[in-house]
Amino acid sequence: MADNFDAIVIGGGPGGYNAAIRLGQLGLTSACIDKRGSFGGTCLNIGCIPSKALLHASERFQEAKEDFAKLGIKTKVELDLPAMMAQKTKVVGELTKGVEFLLKKAKSEAIVGEARITAAPSNASLGKVEVKGADGNIRNLIAKYIIIATGSDVAPLPGVTIDEKQIVSSTGALALTSVPRKLLVVGAGVIGLELGSVWKRLGAEVTVVEFLDRVTPGIDGEVGKAFQRILTKQGFTFQLSTKVTGVEKKGCGGLKVTVEPAAGGDKSVIDCDVMLVAIGRIAYTANLGLLEVGVAMDKRGRIVTDEHYKTNVAGIYAVGDCREGPMLAHKAEDEAVACAELIAGKASHVNYDVIPSVVYTFPEVATVGKSEEELKAAGVQYKVGKFPFTANARAKTIMATDGLVKILADAKTDKILGCAIIGPEAGNLIAEVVLAMEFGASSEDIARTCHSHPTLTEAVRQAAMGVEGWTMQM
């Protein structure tokens with residue numbers, strides 16, 4: 001006998017648990033299935049949350065070692081890595097338990113196991129999902145709607161086997177038991193630079209190999225160059241336009257990594273203790289029964305949906321990393337809420353033009369909307385306003401003057417088209433611009449809004465003032 005729900009949600013990450021919670025708030029019953037055993041998905045368990053815990057802790061460690069003396073504070077600092085890892089684990093545990101509480105509050109049954117769709121919903125019958133528990137027992141569920149929110153997995157590096165000890169993904173990099181003497185990061189994207197920052201602050205020599213000719217591909221070019229300069233000043237070594245062609249484990253426990261120019265050329269060898277593979281993520285859509293029920297996928301293995309998150313199979317929906325778009329937890333959350341509301345018969349949408357992205361290094365990098373390169377390519381006439389943190393009073397008082405705010409606005413209407421920030425608290429500062437863009441605001445709207453003094457937010461205002469050329473630098 002099968003258990004009957006209004007909707008079955010496959011995946012317990014930000015997309016899955018938010019869909020289940022919103023369904024419950026709207027009066028629909030649901031089951032939320034996750035095979036990990038700890039709800040919250042990659043984000044809470046082995047991604048966003050543990051990485052931010054280590055980023056914060058390592059930043060405080062470096063600050064105590066190098067900056068306290070400048071403030072007249074004398075300290076003797078020692079690293080207790082097990083305690084740092086224990087704090088990370090504590091935070092993860094508290095938040096995953098919080099997700100389970102929210103699911104229970106929304107009357108969504110949290111089920112641990114591997115889900116597989118065995119029949120699609122139809123006018124004649126309900127959809128069927130088979131759940132295999134850790135004990136091997138099978139539970140059958142039926143529902144009118146099925147939402148797939150299975151997220152993404154680590155993109156593999158061809159010819160390289162990840163053992164999560166010497167050759168690690170982000171998962172292994174968050175659980176190292178000692179600080180590597182030399183860390184090689186393959187991939188100069190968000191994950192590689194964030195985790196590289198953690199271990200650099202704790203004492204590792206960090207070399208970053210990137211196939212492309214720049215770091216953080218996709219963000220504003222000017223900000224990307226500034227970011228690389230700052231990281232280089234912090235001690236990072238970059239080998240751009242370079243690819244890894246082989247890895248050999250040495251008898252002494254180290255690694256010999258063979259690299260060569262991306263365009264081809266002479267090989268060279270990099271010695272390291274640990275290699276982090278961070279070349280991106282791929283949609284997790286395997287072993288779900290999708291092909292058997294006819295769900296269409298694109299060449300990258302992502303589930304194809306329409307603007308209402310419907311797949312080509314009636315009654316089956318998809319949200320988050322397993323469909324197109326940026327692989328961001330907050331994007332998955334917004335899609336999950338919209339999908340649940342649409343299923344419940346309400347109007348809902350996600351504005352993909354105003355989804356921010358943040359790199360949580362120090363300084364942070366945050367972007368939203370279009371980059372200058374994208375506007376040029378599209379032939380859009382625009383104006384630029386910039387303001388450096390070197391001229392911001394609060395940034396000076398906290399010794400965090402690297403970076404700038406850059407705002408792009410339409411040349412005719414002054415509507416904000418994009419923003420890029422590199423500097424302290426960039427991830428928080430970008431929220432003001434995201435809200436302004438959501439409401440179709442102009443740069444002048446921000447420029448004429450009173451901001452508290454002295455605050456970092458004034459840099460955003462000054463950049464907005466700069467669009468029309470009336471920035472007041474100190």
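1. The largest nonpolar core of this predicted model has 37 residues, and those with the most contacts inside it are Leu-183, Leu-193, Trp-199, Val-208, Phe-227 and Leu-276. At least two residues of this core come from each of α3 (48-66), α4 (81-105), β9 (182-186), α6 (190-201), β10 (205-209), α7 (221-234), β15 (274-277) and β22 (416-423). There is also a second, separate core, which has 31 residues and includes Phe-387, Cys-419, Ala-463 and Val-467. As general background, nonpolar side chains in soluble globular proteins tend to be buried together.

2. Leu-193 gives a view into the largest core, where it is listed among the residues with the most contacts. Setting aside neighbours within four places in sequence, Leu-193 is in contact with Ala-188, Val-208, Val-215, Thr-216, Phe-227, Leu-231, Phe-236, Phe-238 and Thr-361. One of these partners, Thr-216, deserves a look at its backbone, since its phi is near 35 degrees, a positive value in a residue other than glycine. Thr-216 sits in the loop between β10 and α7, and with a relative accessibility of 3% it counts as buried.

3. A positive phi is also found at Glu-425, which is not a glycine and whose value is about 60 degrees. Glu-425 belongs to the loop between β22 and α12, and at 41% relative accessibility it counts as partly exposed. I would ask the reader to view the backbone at both positions, Thr-216 and Glu-425.

4. Two cis peptide bonds should be noted when the loops are inspected. The bond joining Phe-362 and Pro-363 is cis, with omega at about 0 degrees, and Pro-363 lies in the loop between β18 (357-359) and β19 (364-369). The bond from His-453 to Pro-454 is likewise cis, with omega near 0 degrees, and Pro-454 is placed in the loop between α13 and α14.

5. The second largest pocket holds about 940 Å³ of space. Its lining consists of 31 residues, of which Glu-59, Gln-62, Asp-67, Phe-362 and Met-399 lie nearest the centre; Phe-362 is thus a lining residue as well as a partner in a cis peptide bond. Helices α3, α6 and α7 each supply at least two residues of this lining, and α3 gives the most, with eight residues.

6. Enclosed space is a separate matter: a search of the whole structure finds one cavity of 30 Å³ or more. The volume of the largest cavity is about 50 Å³, and the residues that line it are Val-154, Ser-170, Ile-191, Val-277, Ala-278, Ile-279, Gly-280 and Arg-281.

7. Helix α9 (residues 329-343) has 15 residues and spans 21 Å from its first C-alpha to its last, close to the 21 Å expected at 1.5 Å a residue. Its buried residues are Lys-331, Ala-332, Glu-335, Ala-336, Ala-338, Cys-339, Ala-340, Glu-341 and Ile-343, and they pack against α1 (14-25), β6 (138-148) and β17 (316-318). After the helix comes Gly-345, whose phi is positive, near 90 degrees.

8. The packing of α9 against α1 can be followed at Ala-19, a residue of helix α1 that counts as buried at 0% relative accessibility. Not counting residues up to four places away in sequence, Ala-19 touches Val-9, Ile-147, Ala-336 and Ala-340. Ala-19 and Ala-332 are 313 residues apart in sequence, but their C-alpha atoms are 9.4 Å apart in space.

9. Helix α14 (residues 457-466) is mostly covered, with eight of its 10 residues buried. These are Glu-458, Ala-459, Val-460, Gln-462, Ala-463, Ala-464, Met-465 and Gly-466, and their cover includes β20 (382-388), β21 (404-410), β22, α12 (426-438) and α13. From α13 (residues 443-447) one can examine Ser-443, which is buried at 0% relative accessibility and, beyond its neighbours within four places in sequence, is in contact with Ala-409, Asp-414, Ile-416, Ala-464 and Val-467.

10. Why does Cys-322 form no disulfide? The sulfur closest to that of Cys-322 belongs to Cys-339 and is 10 Å away, which is too far for a bond; a disulfide would need the two sulfur atoms within 2.5 Å. Cys-322 is buried, at 0% relative accessible area, whereas Cys-48 is partly exposed, at 29%. The structure as a whole holds zero disulfides.

Note on methods: Residues are numbered from 1 along each chain as its sequence is written. This is a predicted model: local features need pLDDT of at least 70, side-chain atom pairs count only at pLDDT 80 or more; totals for chains, interfaces and linings use all residues. Side-chain values use heavy atoms; hydrogens and water are left out. Buried means under 20% relative accessible area, exposed over 50%, partly exposed in between (1.4 Å probe, protein chains only). A nonpolar core is a set of buried Ala, Val, Leu, Ile, Met, Phe, Trp, Tyr and Cys residues joined through side-chain atoms within 4.5 Å. Helices (H or I, at least four residues) and strands (E, at least two) are DSSP runs, numbered from the N terminus. Contact means heavy atoms within 4.5 Å. The expected span of a helix is 1.5 Å times one less than its number of residues. On a 1 Å grid over the protein atoms alone, a cavity is a set of points where a 1.4 Å probe fits but cannot get out, and a pocket is an open set with protein on both sides within 12 Å along at least five of seven lines; lining residues have an atom within 4 Å of a point. Grid points are joined across faces, edges and corners, and a volume is the space filled by probe spheres set on the points.
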